[in-house]
Amino acid sequence: FLFQKKKIERLFGMVATVIKIGNLQFQRVAANGQSSFLVRDEVAVAVASGVGMTLDELEACLCTQVTRSKNKGVDPTTACERRDALASAIYERVVMWLLKKINAVFESEALDN
């Protein structure tokens with residue numbers, strides 16, 4: 001086989017995580033209206049698990065802007081943009097890994113012929 005069963009399962013898991021990332025939801029913090037928080041539902045739990053983070057880490061990654069002087073919350077629109085960038089980055093890395101593996105097989109077969 002081209003891939004080991006464990007790697008295939010991990011690959012499908014990452015693709016599933018990318019798909020689920022698009023379903024993450026954010027709500028505006030009522031107190032100031034400028035910050036948002038991650039809706040902690042089964043989608044958020046699955047995404048956090050899929051990327052190897054806790055829910056708190058995932059929320060901080062998507063909903064907090066870190067500057068030298070302080071951490072500042074971001075609005076839901078910015079959180080969604082960060083969510084989409086995360087999905088894109090993971091997807092790109094999965095596809096690049098897959099292409100490298102496939103190309104390695106083709107190169108090996110070409111050398112054998």
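## Helix α2 and its two sides

In helix α2 (residues 42–50), the residues V43, A44, V47, A48 and G50 are buried, where buried stands for under 20% relative accessible area, exposed for over 50%, and partly exposed for values in between, using a 1.4 Å probe and protein chains only. These buried residues lie on the same side of α2, because the arc they cover around the axis is only 165°; that arc is taken from the directions from the helix axis to the C-beta atoms. Helix and strand names such as α2 follow DSSP runs, numbered from the N terminus: H or I of at least four residues for helices, E of at least two for strands. All of this comes from a predicted model, in which local features need pLDDT of at least 70 and side-chain atom pairs count only at pLDDT 80 or more, while totals for chains, interfaces and linings use all residues. Residues are numbered from 1 along each chain as its sequence is written, and side-chain values use heavy atoms, with hydrogens and water left out.

On the face of α2 turned away from its buried side you will find the exposed residues E42 and S49. The buried residues of α2 are covered by elements that include α1, β2 and α3. At the N-terminal end, D41 acts as a cap for α2, with a side-chain oxygen 3.2 Å from the backbone nitrogen of V43. A polar contact of this kind is a pair of N or O atoms within 3.5 Å; within protein, one must be able to donate a hydrogen and the other to accept it, and residues adjacent in sequence count only if both atoms are side-chain atoms. After α2 comes G52, which has a positive phi, near 75°.

## The nonpolar core

Which residues touch the most other members of the largest nonpolar core? They are L24, F26 and L58, in a core of 19 residues. Such a core is a set of buried Ala, Val, Leu, Ile, Met, Phe, Trp, Tyr and Cys residues joined through side-chain atoms within 4.5 Å. Helices α1, α2, α3 and α4 (76–112) are the elements that give two or more residues to this core. In soluble globular proteins, nonpolar side chains tend to be buried together.

Leaving aside neighbours within four places in sequence, L24 is in contact (heavy atoms within 4.5 Å) with L38, V43, A44, V47, L58, L62 and R83. V43, A44 and V47 are among the buried residues of α2, and R83 belongs to α4.

## Two buried residues, R83 and T17

R83 is a residue of helix α4 and counts as buried, because its relative accessibility is 12%. A polar atom of the R83 side chain lies 2.9 Å from the backbone oxygen of L24. Beyond its neighbours within four places in sequence, R83 is in contact with I21, G22, L24, F26 and L62.

T17 sits in helix α1 and is buried at a relative accessible area of 5%. With neighbours within four places in sequence again left out, T17 is in contact with V47, G50 and V51; V47 and G50 are on the list of buried residues in α2.

## Salt bridges

How many salt bridges does the structure hold? There are four, each defined by a side-chain nitrogen of Lys or Arg within 4 Å of a carboxyl oxygen of Asp or Glu. R40 and D56 form one of them, at 2.6 Å from N to O. This pair links distant parts of the chain, with R40 in the loop between β2 (36–38) and α2, D56 in helix α3 (residues 55–63), and their positions 16 residues apart. R40 is partly exposed at 42% relative accessibility, whereas D56 is exposed at 52%. R40, D56 and E59 are linked in a network of salt bridges.

Another bridge joins D84 to R83, with the closest N and O atoms 3.0 Å apart; D84 is partly exposed at 42%. E9 and K5 pair at 4.0 Å between the closest N and O atoms. These two are separated by about one helical turn, because they are four residues apart in helix α1 (residues 5–21). E9 is partly exposed at 47%, and K5 is exposed at 63%.

## Cysteines

The whole structure has zero disulfides, a disulfide being a pair of cysteine sulfur atoms within 2.5 Å. For C61, the nearest cysteine sulfur is that of C63, 9.0 Å away. For C80, the nearest is also that of C63, 8.9 Å away. C61 is partly exposed at 36% relative accessible area, and C80 is partly exposed at 25%.
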